[in-house]
Amino acid sequence: MERPLTQNIRPDWAPIELKDYERAGGYQALRKALSSMTPKELVELIKNSNLRGRGGAGFPTGVKWEAMPSGTDVVRPRYLITDADEMEPGAFKDRMLMEGDPHQLIEGMILAAFAADTELAYIFVRREYTVAARRLERAVAEAYSHNYLGNNILGSGFNLEMHVHVSAGRYICGEGTALTNALEGERAIPNHRLPRQTDSGLWGKPTLMNNVETLSNVRHIVNNGADWFKSLSRSKDGGTKIYGISGKVKNPGAWELPMGTPMREILEVHGGGMRDGVKFRGALPGGASTDFIVDEHLDTPMDFESLQKVGSRLGTGTIIVLDDQTCPVGMVHNLEEFFAQESCGWCTPCRDGLPWTAKTLKAIEEGSGEPGDLEILEFHTRFLGPGKTFCALAPGAMEPLQSALKFFREDFERHITEKRCPWR
Amino acid sequence: MLTDEMKQKIQIEIDTCPSRKSACIDAMQIVQSRMGWISDDSLKDIADFLDMTIDELDGVATFYNHIYRKPVGRHIILVCESVSCWIMGFGKIRDYLSQRLGIEMGETTPDGRFTLLPVECLGACDHAPAIMIDDQLYWDLDQNKFETILENYK
């Protein structure tokens, strides 16, 4: 099985040095693209590869690149931003890619910048990822010194500046328009979806934004072609996926596997199955803001469409497992506390609804829940659902709640009738 | 007072942005790395340097989790309270640290050595529970490991 994304990553995630990266074929894709491809050909290649965004939304990457305005009268400067603000609870895949192989991301960014005709690039990395940020800063400096960045890159006439920005920390910065506000030195509050960022993003200029894992794939597609990339996958979305698993499994971790690997295989073969004495009850397939799936869904391929069909989402592809010794109400309470804390406060349903949700869950968990509380929670899952707020934070927060109310309803009811948490 | 060194570092950030105020988050992080926190005086100095009003800058400062508008200890302990750490026993870690240091979350020890803060997912979910002290991540924690870890921070 081929593992292009993680081929250079050591077990302890120690970074690969530039000379070793080059020896392993690093920056060959950049040389190839700059010497023999037009930006348009590169966009077509990525479109044909069926690469979809790995940050959670799964938007086709090539289509996003193509949306950058073209022509001779375009507004400048144009920006490329890597969203390296990995803060989804349960997710740790981008940290691995940045710490273990920073040049792979940088090469992917230079290729994306060439395809989208941008001259300035930022890596927006979260505050707590200090190791990743230091390694990226060092790798960027190395790339400058070898003329992979700067003016007239490798004699091609293409110029690119790159900066690493360390965030001051808020989950909402992972939302595209909030991220650009953070980079502009504002409160990170999301904007309207229109105009699109590709038309008016950072400082009102055309801006392309992609996730770390998405961009890390680019050089491999350039080197090996779209058909090769599609052949890596077990589904119609191209490529491999870095899946992770946490919770009470024997061997928590992250692995690069074919896109569309079923959760059962990830849990049992790679995660080693459940720890002794605990049983599987359910899982969030792709981070905190995805719907629970349960036993009957374990054979679902972990890809965008298959998980959608069973009412959940691939999200980040990092699975959080709920076991039978852990209280589902407590787990959902923890999640909603997180979302309430991280709401930026701009939209009323989110700002007021999430703390109400969290308080109701706290009361149920502590044994002071009342009849009617579940209806209050259900009301929130509708009132904070899609279309009621600027961004996806509140709808995402409702996903684990609505599915927990469906799959673990008896547990919620027992808390209320017995006036205590049965797990305590 | 902003030192010349701080001003130079902030200027480097300003030079990458179309406007001075765009560098304000970097500027606060630069000052905080020297001063530990952003006092009212520092806030005013930074606002003046970036041609911003104090309120405008404070609006940004109070939005972000890692801009500290109150004094903090010499070392900051971030305790991950997100879902994977919660499942793996974050509560015991929090209670132990709280008892051992004699402070609640959000407080600083009387000797100014440690501040205890909750943090959202540290991205070490496969090694939960995890904490971060200053810039160093610690994981797969149990109580026995703490004594040796805390000894490293005077």
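The following questions and answers deal with a predicted model of chains A and B.

Reader: Why is A:Ile293 called buried?

Author: A residue counts as buried if 20 or more other C-beta atoms lie within 10 Å of its own. A:Ile293 has 21 C-beta neighbours inside 10 Å, so A:Ile293 meets the cut-off. The residue sits in the loop between β7 and α13 (304-309) of chain A.

Reader: Which residues is A:Ile293 in contact with, leaving aside its neighbours within four places in sequence?

Author: They are A:Gly282, A:Ala283, A:Pro285, A:Thr300, A:Val310 and A:Ser312. A contact requires C-beta atoms within 7 Å. As for A:Glu184, its C-alpha atom is separated from that of A:Ile293 by 39 Å, and the two residues are 109 apart along the chain.

Reader: What makes A:Asp117 partly exposed?

Author: The count for A:Asp117 is 18 other C-beta atoms within 10 Å. Buried needs 20 or more and exposed needs 12 or fewer, so a count of 18 falls in between and A:Asp117 is partly exposed.

Reader: Is B:Asp51 buried or exposed, and how do you know?

Author: B:Asp51 has 10 other C-beta atoms within 10 Å. The limit for exposed is 12 or fewer, so B:Asp51 is exposed.

Reader: What is the phi of these two residues, A:Asp117 and B:Asp51?

Author: Most residues other than glycine have a negative phi. A:Asp117 has a phi near 55 degrees, which is positive, and B:Asp51 has a positive phi of about 55 degrees. Neither is a glycine. A:Asp117 belongs to the loop between α6 (102-116) and β2 (120-125) of chain A. B:Asp51 belongs to the loop between α3 (40-49) and α4 (54-61) of chain B.

Reader: Which peptide bonds are cis in chain A and chain B?

Author: Most peptide bonds are trans. In chain A, a cis bond joins A:Leu194 and A:Pro195, with omega about -5 degrees. In chain B, the bond from B:Ala128 to B:Pro129 is cis, with omega near -5 degrees. A:Pro195 is in the loop between α8 (176-183) and β4 (207-211) of chain A, and B:Pro129 is in the loop between β2 (114-119) and β3 (131-133) of chain B.

Reader: What makes β6 and β7 of chain A edge strands?

Author: The open sheet has four strands in the order β6-β5-β8-β7 (chain A). β6 (253-258) and β7 (280-284) each pair on one side only. Neighbouring strands are turned by 30 degrees against each other on average, direction ignored.

Reader: Why is the pairing in this sheet called mixed?

Author: Strand β5 (residues 240-246) runs antiparallel to β6(A), and six bridges join them. β5(A) and β8(A) pair in the parallel sense over three bridges. β7(A) and β8(A) pair in the antiparallel sense over four bridges. Both senses occur, so the pairing is mixed. Two strands pair if there are at least two bridges between them, so the six, three and four bridges are enough.

Reader: Which residues are partners of A:Ile245 in β6(A) and β8(A)?

Author: In β6(A) the bridge partner of A:Ile245 is A:Gly253. In β8(A), A:Ile245 stands opposite A:Ile319. For A:Gly282, the bridge partner in β8(A) is A:Leu322.

Reader: How do you know that strand β8 of chain A is largely enclosed by the rest of the structure?

Author: Five of the six residues of β8 (residues 318-323) are buried, so the strand is described as largely enclosed.

Reader: What makes up the side of chain A that touches chain B?

Author: 39 residues of chain A are in contact with 31 residues of chain B. Elements giving two or more residues to the chain A side are β3 (161-166), β5, β6 and α14 (328-342). The largest share, five residues, comes from α14(A). By class, the chain A side has 18 nonpolar, 11 polar and 10 charged residues.

Reader: Which residues have the most contacts inside the largest nonpolar core?

Author: The core has 166 residues, and those with the most contacts inside it include A:Met109, A:Val125, B:Cys24 and B:Val79. The largest share of this core, 10 residues, comes from α6(A). In soluble globular proteins, nonpolar side chains tend to be buried together.

Conventions. Residues are numbered from 1 along each chain as its sequence is written. Chains are lettered from A and ligands numbered from 1 in the order in which they are written. This is a predicted model: local features need pLDDT of at least 70, side-chain atom pairs count only at pLDDT 80 or more; totals for chains, interfaces and linings use all residues. Axes are lines fitted to C-alpha atoms, for helices over the stretch in contact, and angles run from 0 to 180 degrees between N-to-C directions. Two residues are in contact if their C-beta atoms, placed from the backbone, lie within 7 Å. Ala, Val, Leu, Ile, Met, Phe, Trp, Tyr, Cys and Pro count as nonpolar, Asp, Glu, Lys and Arg as charged, and the others, Gly among them, as polar. A nonpolar core is a set of buried Ala, Val, Leu, Ile, Met, Phe, Trp, Tyr and Cys residues joined through C-beta atoms within 7 Å.
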